[in-house]
Structures are given as structure tokens and as C-alpha cells.
Amino acid sequence: MPAIRAVRAAALTVLLAGASLLAAGAPASASAAAPTPVGGGTGIIFRITPTPQEPAGYYICTLTAVGRDGAGNLVALTNAHCFIDDAGNKLVGEQVYRDSSPAGTAFAPAPVENSRPDLATGPIGTVTYVSTPNNLLNSGPKGLDYAVIKLDESRVAPTSTVGGTTITSLGAPPPNGTRMCKEGHRTGLTCAMKLGTNGIWFTHLIWTNAGDSGSPVVHGQTLVGNAWGAQHSSPILSILDEMNAQGGVGAGFHLVP
């Protein structure tokens with residue numbers, strides 16, 4: 001069977017050569033500091049080799065949203081294709097770190113080689129579910145391309161504002177021609193109009209780049225979808241319906257103040 005492949009135009013794997021680029025000295029204990037704020041637009045780093053302390057290779061994406069599920073778990077959403085390997089395996093159980101590098105802008109994207117796991121905070125959560133990826137460019141089953149991460153509340157706390165984006169509600173995509181924006185760790189806040197729909201997804205002209213996979217797409221302060229590249233996004237309400245039908249961690253997802 002051919003491997004499941006997804007559009008990965010806004011995700012990235014990085015391989016680093018040479019010695020470790022981490023700052024000298026031991027990281028501070030996460031328990032000794034206040035929880036680190038995370039929300040829609042926060043950069044994440046994962047699949048780190050050989051170790052988080054000396055990363056030679058890694059993947060980077062962006063969180064779509066942070067909230068609580070019906071059981072009270074603090075959870076985050078991002079793209080499914082971030083956690084699918086080249087053989088099509090879904091990497092449930094993968095540990096996720098916050099990307100400690102400064103976020104970029106459309107005119108000055110965050111250098112991918114600068115991405116580093118936030119060792120002071122430590123791993124912020126574990127992947128508990130990976131949906132069917134988008135498979136836009138192949139014959140595989142078409143999916144909403146989302147993943148659920150159960151967050152560690154001893155390390156992180158939810159925030160509604162990241163960069164230039166504040167998320168206060170969840171809703172449907174606006175009419176065609178409406179201006180929308182996305183907040184990605186790689187290219188920050190970029191905006192453009194909604195074009196239409198393509199099957200289960202909606203389309204737009206919003207710019208994304210490597211590492212922006214999972215970025216929240218917003219209309220005002222309303223989260224309407226997740227960006228996964230090729231100017232496509234999945235509607236957040238469709239994602240929530242599927243999560244509720246699936247059950248488990250993430251079902252009953254809602255935003256928290």
C-alpha cells in the first residue's frame with residue numbers, strides 16, 4: 001500500500017549540522033516558574049533527534065487553538081500531517097515542546113534553523129489523536145487534517161492572544177470575498193480574502209510558509225479554521241463535530257478565558 005502523504009507546504013522538517021547551538025548552562029526547572037502561556041498561533045517543535053538537549057533534526061508547526069474538552073482536560077489542536085511519518089504512521093504519543101525562537105513576519109520569516117525546544121518549560125503535552133490528513137494532492141482519503149494534544153497544566157496555561165491575534169469565539173467561515181487572517185509562528189499575522197470551498201475545506205489567499213501548519217484562521221476574533229498549506233483550511237466547526245463523534249480527549253472542546 002502506498003504511504004499516506006499530505007500537503008505539507010506549511011510544515012517543515014529541519015536537519016542541523018555541526019555542534020549543538022543551545023545556550024550553555026542547565027535549563028531552569030519548569031516547576032519553579034509560572035506556567036508558560038500557549039494559544040492559537042504558538043509555535044511547536046517535535047520529532048526531535050537525537051535529543052531535545054542537542055537537536056540535530058526536528059519538525060515545526062503552529063497550534064490552532066487551546067481550550068478544554070468535556071472532561072476538563074487542557075488540550076491544543078494543530079494539523080494531523082505534522083504527526084504522520086513518511087511511512088504513513090500516525091505518531092500518537094509524540095511529545096511536543098514550545099518553539100522558543102521568536103515568531104517571524106511575512107517580510108521577515110522566523111529562520112527555521114533558529115527553532116529550539118523550550119527546555120526551561122519542558123514538554124508541554126502529548127499527541128493523543130491524529131485525524132486523516134488532507135491528502136489534497138493524492139488519491140488518499142480526504143481528511144480535516146487535525147491533531148489533538150493533551151497539555152500538561154503544570155507547565156502551560158492557556159492564552160487567548162498570540163502575536164496579533166486574539167481568539168474569543170468559534171464559528172463558520174465568512175462569505176466569499178471576506179478578509180480573514182492567520183497567525184503562524186513562521187510568518188506571523190497575514191491576511192487575505194476567502195475564495196470559496198473545495199469539498200470539505202475552504203480556500204483563501206492567505207500567505208503561509210514552512211512551520212505555519214496548524215495556524216488559526218480567524219475572522220475578527222472568531223476562529224473559523226486551521227491552515228494546512230496550498231491556501232486551504234479546514235473549518236473548525238467540522239473539526240469539532242468529528243472530534244465529538246470520535247470521543248476521547250478533545251471531545252466537547254471549547255475555548256477558555
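This passage describes the confidence, the nonpolar cores and some backbone features of a predicted model.

The mean pLDDT of the protein is 90, and 88% of the residues score at least 70. Two stretches fall below 50. Residues 1-10 form one of these, with pLDDT below 50 throughout, and in the model this stretch makes 39 contacts beyond near neighbours in sequence. The other comprises residues 17-31, where the pLDDT is likewise below 50 and 17 contacts beyond near neighbours in sequence are present in the model.

The largest nonpolar core contains 22 residues, of which Ile44, Phe83, Ile149 and Leu151 touch the most other members. Five strands each give two or more residues to this core: β3 (43-51), β4 (54-62), β6 (74-78), β8 (125-130) and β9 (147-151). Strand β9 supplies the largest share, with 3 residues. The surroundings of Ile149 can be listed in full. With residues up to four places away in sequence left out, Ile149 touches Ile44, Leu63, Leu74, Val75, Ala76, Thr78, Phe83, Val96, Gly125, Thr126 and Val127. Two of these partners, Ile44 and Phe83, are themselves among the residues of the core that touch the most other members. A second core, separate from the largest one, has 15 residues, including Val75, Leu77, Leu223 and Ile239. Val75 of this second core is also one of the residues touched by Ile149.

Several backbone features were also identified. The peptide bond between Thr49 and Pro50 is cis, with omega at about -5°. Pro50 belongs to strand β3, one of the strands that give two or more residues to the largest core.

Positive phi values occur at two residues that are not glycine. At Asp145, phi is near 55°. This residue is placed in the loop between β8 and β9, and both of these strands give two or more residues to the largest core. Asp145 has a relative accessible area of 0% and is therefore buried. At Ala230, phi is positive as well, at about 55°. Ala230 is found in the loop that runs between β18 (222-229) and β19 (232-235). The relative accessible area of Ala230 is 32%, so this residue is partly exposed. The two residues with positive phi thus lie in loops but differ in burial, as Asp145 is buried whereas Ala230 is partly exposed.

Terms used: Residues numbered from 1 in each chain as written. Predicted model: local features only at pLDDT ≥ 70, side-chain atom pairs only at ≥ 80, totals over all residues. Heavy atoms only, no water. pLDDT = per-residue confidence, 0-100. Contact = heavy atoms within 4.5 Å. Core = buried A, V, L, I, M, F, W, Y, C linked by side-chain atoms within 4.5 Å. Buried < 20%, exposed > 50% of the residue type's maximum accessible area, 1.4 Å probe, protein only. Helix = DSSP H or I, 4+ residues; strand = E, 2+ residues; numbered from the N terminus.
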